[in-house]
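Visitor: I would like to go through a structure with you, question by question. Please show it to me before we begin.

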Amino acid sequence: MTAAPSAEPGRTDPGGGTRRPRAVAILAGVALVALLADLVTKHLALAALTDREPVRLLGGFVYLSLTRNSGAAWSIGADHTWVFPLITIGVVGWIVWMALRLRSLPWAISLGLVLGGALGNLVDRIFRAPSPFHGHVVDMISLFDPYGQVWPVFNLADSSLVCGVLLAVLLELTGRQRDGRRAGRDRDPATTDAASGAEQRERA
């Protein structure tokens with residue numbers, strides 16, 4: 001009697017995805033890189049752009065323009081800053097719950113980007129002026145206009161969030177599931193064996 005082949009350590013499992021500890025490690029690593037990149041760029045922006053005119057780059061395609069935003073994009077919800085940390089904490093909790101069955105490398109990257117971006121702005125909300133949970137987010141990247149008249153001024157945390165969400169939408173549209181399977185293609189081996197056995201008994 002031949003034993004069923006097992007997945008190589010750190011590679012793939014029978015369901016077609018990466019092993020969960022590896023997927024969770026990738027999620028955490030992507031989130032940490034995104035968070036650190038956001039914190040460093042905000043520190044540099046505060047040091048180099050405070051009390052300075054916007055810096056024009058790439059022929060005016062990009063401007064470095066320091067702003068502090070109490071709300072979301074286009075200052076939406078500026079009078080209710082306290083709401084955003086609560087939303088972010090909810091998002092973090094949702095990602096932790098999703099990680100319990102995570103075995104997909106692309107989903108690990110997507111969720112890691114969302115987590116890192118969410119934490120980057122949460123740090124601002126909690127620790128920056130004017131007060132805890134009412135802090136203003138540091139933004140510094142403006143497209144096409146130095147003062148965000150064409151597109152809202154944003155930071156790397158915002159970019160990470162948007163990229164993560166777009167990747168998640170793409171994965172959903174292509175049927176890639178968080179457990180490493182693809183909708184309509186990969187099936188549980190136990191379910192497949194049971195169905196095959198039932199079919200053979202019917203034919204007998």
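Visitor: With which residue does D179 form a salt bridge, and where in the chain do the two partners lie?

Guide: D179 pairs with R101, the closest N and O atoms being 3.7 Å apart, where a salt bridge is a side-chain nitrogen of Lys or Arg within 4 Å of a carboxyl oxygen of Asp or Glu. The pair links distant parts of the chain, 78 residues apart. D179 is in the loop between α4 and α5 (189–203), and the partner in the loop between α2 and α3 is R101.

Visitor: What kind of model is this, and how are its residues numbered?

Guide: This is a predicted model, in which local features need pLDDT of at least 70 and side-chain atom pairs count only at pLDDT 80 or more, while totals for chains, interfaces and linings use all residues. Side-chain values use heavy atoms, with hydrogens and water left out, and residues are numbered along each chain, as its sequence is written, from 1.

Visitor: Is D179 buried or exposed, and what is its relative accessibility?

Guide: Buried means under 20% relative accessible area, exposed over 50%, and partly exposed in between (1.4 Å probe, protein chains only). R101, the salt-bridge partner of D179, is partly exposed, with a relative accessible area of 42%. D179 itself counts as buried because its relative accessibility is 15%.

Visitor: Which residues are joined into one network by salt bridges that share partners?

Guide: A search of the whole structure finds six salt bridges. One of them is formed by R128 with D124, the closest N and O atoms being 2.7 Å apart; R128 counts as partly exposed at 22% relative accessibility, whereas D124 is buried at 0%. Through shared partners, salt bridges make one network of D38, K42, D124 and R128.

Visitor: What pattern of helices and strands does the protein chain follow?

Guide: Helices (H or I, at least four residues) and strands (E, at least two) are DSSP runs, numbered from the N terminus. On that basis the protein chain has five helices and three strands. Read along the sequence, their pattern is α-β-β-α-α-β-α-α.

Visitor: How far apart are the end C-alpha atoms of helix α1, and what span should its 30 residues have?

Guide: The expected span of a helix is 1.5 Å times one less than its number of residues. For the 30 residues of α1 (residues 20–49) this gives 44 Å, which agrees with the end C-alpha atoms, 43 Å apart.

Visitor: Which elements are included in what covers the buried residues of α1?

Guide: The buried residues of α1 include A23, L27, D38 and K42. D38 and K42 also belong to the salt-bridge network. The cover over the buried residues, counted by contact (heavy atoms within 4.5 Å), includes β1, β2, α2 (83–98), α3 (105–127), β3 (137–143) and α4 (156–173).

Visitor: Where does UniProt place the feature "active site", and why can its residues be said to gather at one spot?

Guide: The unreviewed UniProt entry gives this feature at D139 and D158. They span 20 residues in sequence, yet they gather at one spot because no two of their C-alpha atoms are more than 9.0 Å apart. UniProt positions are given in the numbering used here, feature names are shortened, and annotations may be inferred rather than shown by experiment. With that caution, the residues that the record names are D139 and D158.

Visitor: Which residues does D158 touch, not counting residues up to four places away in sequence?

Guide: D158 lies in helix α4 and is partly exposed, with a relative accessible area of 22%. D139, by comparison, is found in strand β3 and is buried, with a relative accessible area of 3%. Leaving out residues up to four places away in sequence, D158 touches N121 and D139.

Visitor: Which residues does UniProt list for "transmembrane region"?

Guide: Residues 82–100, which are in the list of the unreviewed entry, are 84% helix and 0% strand, with end C-alpha atoms 29 Å apart. Residues 147–171, also in that list, are 64% helix and 0% strand, and their end C-alpha atoms lie 34 Å apart. The listed residues are 23–45, 82–100, 107–127 and 147–171.
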